[in-house]
Amino acid sequence: MTKATGKQPYFAGKPHPLMMRTGLNAIGAHSETAAMIGDRMDTDVLAGLEAGMQTFLVRTGLTSDADIEKYPFRPSTVVDSIADLVDLV
């Protein structure tokens, strides 16, 4: 991108808070009443935390319990499966 345009790119994907805020605005939601559910600490959980949302890490992806300990932040809740969250909806 930089060579073609002469400008440095500005990335706003996960975990950038702008992506999360734009999504929340698009659906008329607020970070206090929304949650981020994902299977990766470095993108999903971080994105939710930086946007001020409750976060749920689902153990069905790449992140193991040992991996969680490597990060200086923690998800609000860790569950085995998305099925464990059905009653919260």
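This passage looks at a β-α-β unit and at two helical residues, Thr-43 and Leu-18, in a predicted model.

A good place to start is the pair of strands. Strand S1 covers residues 35–38 and strand S2 covers residues 54–58, and the two pair in the parallel sense over four bridges. Within this pairing, Ala-35 stands opposite Gln-54 in S2. The two strands are part of a right-handed β-α-β unit, in which they are joined by helix H3, residues 41–50.

The side chains of S1 follow an alternating pattern. Met-36 and Gly-38 point to one face and are buried. Ala-35 and Ile-37, by contrast, point to the other face and are not buried. Ala-35 thus combines two features: Gln-54 as its opposite residue in S2, and a place on the face of S1 whose residues are not buried.

Turning to the helices, Thr-43 is found in H3, the helix of the β-α-β unit. Thr-43 counts as buried because its relative accessible area is 18%, where the cut-off is under 20%. Leaving aside residues up to four places away in sequence, Thr-43 touches Lys-14 and Pro-15.

Leu-18 lies in helix H2, which spans residues 17–27. With a relative accessible area of 39%, Leu-18 is partly exposed, since this class lies between 20% and 50%. Again leaving aside residues up to four places away in sequence, Leu-18 touches Tyr-10 and Ala-12. As for its position relative to S1, the C-alpha atoms of Leu-18 and Ala-35 are separated by 16 Å, and the two residues are 17 residues apart along the chain.

Methods: Residues are numbered from 1 along each chain as its sequence is written. This is a predicted model: local features need pLDDT of at least 70, side-chain atom pairs count only at pLDDT 80 or more; totals for chains, interfaces and linings use all residues. Side-chain values use heavy atoms; hydrogens and water are left out. Buried means under 20% relative accessible area, exposed over 50%, partly exposed in between (1.4 Å probe, protein chains only). Two strands pair if DSSP finds at least two bridges between them. A crossover is right-handed if, with the strands pointing away from the viewer, the path from the first strand over the helix to the second runs clockwise. Contact means heavy atoms within 4.5 Å.
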